[in-house]
Amino acid sequence: MSMDKIPLAGVIGSPVAHSRSPRLHGHWLRKYGLPGHYIPMDVPADRLEETLRLLPQIGFVGVNITIPHKERVMEIADLVSDRATLIGAANTLIFRRDGKIHADNTDGFGFIENLRQSAPNWQPESGPAVVFGAGGAARAVVASLLEVGVPEIRLTNRTRLRAETLREDFGNRIKVVDWVQAGNAVEGAATVVNSTSLGMTGKVELRVPLDGLSRRALVTDLVYTPLQTRLLRVAAEMGCTCVDGLGMLLHQAVPGFERWFGQRPEVDEALRAVVLE
């Protein structure tokens, strides 16, 4: 046994007790028989920087970052990936051997990988996408949809201004649609994504009329509590291909785990079951 430190990782947020990431990474560490631990850490904003500077010194190889720190860590990091810069937030930090903090965003990667695994016949270039919402998650979704060749994104948000800001950042393949017109926007769409918290347990439903949905559309919801939201239930009844949001959580964790612990982990049914327990 080498005298190297056992690699440590974790998730930093505030609050963070609800996070499923420790379960997820813990399962992989056990499955692959790797030394290492992954823990939740509740860190207030005013202690974030000193915490991030200290962690590498005590054996941490990296951390995930969640609400409310995903934007702030961009200013603290020494190096920021292009995709994190584009999205304007980071969810994965790698503590490099030279002491530098590298910030990345794997949300868009996780979003696309989930669709590819769950709906292998999905063809992003086959038609427009509709995205509900214009927050941090929407930015990751939009960046990744553009990257895989979606010809047009119809973006709709309850406050139009946030959607307009996204269009300014991501260019003219984005078409902003008024929230009251969202039902019309789904007509002819090949991909439909809910990136808002509407439909989540304890929140109001996503009330967009869906009668215009094509049966050939792929419909996905980033909400995974409940796993089958009203959006997915209605879309399934209409014959659409539906993908729930849990897979995005699982797939976004893959690049970080691989960098920290040196093993590319698999996303499978066993993992879903563990995270849903």
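## Two cysteines that stay single

Is cysteine 242 buried, partly exposed or exposed? With a relative accessible area of 29%, cysteine 242 is partly exposed. Its partner in this little story, cysteine 240, is buried, at a relative accessible area of 9%. Keep in mind as you read that this is a predicted model.

So what about disulfides? The count here comes to 0. Cysteine 240 isn't in one: the nearest cysteine sulfur belongs to cysteine 242 and sits 5.9 Å away. Look from the other side and you get the matching answer, since cysteine 242 has the sulfur of cysteine 240 as its nearest, again at 5.9 Å. A disulfide needs the two sulfur atoms within 2.5 Å, so this pair, at 5.9 Å, doesn't make the cut.

## Two cis prolines

Now hop over to the backbone. A cis peptide bond links isoleucine 67 to proline 68, with omega at about 5 degrees. To find proline 68 in the structure, look in the loop between β3 (60–65) and α3 (72–76).

There's a cis peptide bond between threonine 225 and proline 226 too, and omega is about 5 degrees there. Proline 226 also has a loop for a home, this time between β11 (218–221) and α9 (230–237).

## Inside the nonpolar core

Next up is the largest nonpolar core, which has 31 residues. Phe111, Trp122, Val131, Val142, Leu145 and Ile153 are the ones that touch the most other members. Several elements chip in with at least two residues each, namely α5 (107–118), β7 (129–132), α6 (136–147), β8 (153–157), α7 and β9. The largest share comes from α6, which brings 7 residues.

Valine 131 is a good one to click on. Skipping its neighbours within four places in sequence, valine 131 is in contact with a list of residues including Ala138, Val141, Val142, Leu145, Ile153, Leu155 and Val193. Arg154, Thr156 and Ser195 are among its contacts as well.

## Arginine 173 in its loop

Last stop: arginine 173, in the loop between α7 (160–170) and β9 (174–178). This arginine counts as partly exposed, at 33% relative accessibility.

Which residues does arginine 173 touch, not counting those up to four places away in sequence? They are Leu146, Gly149, Val150, Pro151, Glu152 and Ile153. With valine 150 you can zoom in further: the backbone oxygen of valine 150 lies 2.8 Å from a polar atom of the arginine 173 side chain. For a sense of scale, try alanine 9, which is 164 residues from arginine 173 along the chain. Their C-alpha atoms are separated by 38 Å.

Notes. Residues numbered from 1 in each chain as written. Predicted model: local features only at pLDDT ≥ 70, side-chain atom pairs only at ≥ 80, totals over all residues. Heavy atoms only, no water. Helix = DSSP H or I, 4+ residues; strand = E, 2+ residues; numbered from the N terminus. Buried < 20%, exposed > 50% of the residue type's maximum accessible area, 1.4 Å probe, protein only. Contact = heavy atoms within 4.5 Å. Polar contact = N/O pair within 3.5 Å; in protein donor to acceptor, adjacent residues only side chain to side chain. Core = buried A, V, L, I, M, F, W, Y, C linked by side-chain atoms within 4.5 Å.
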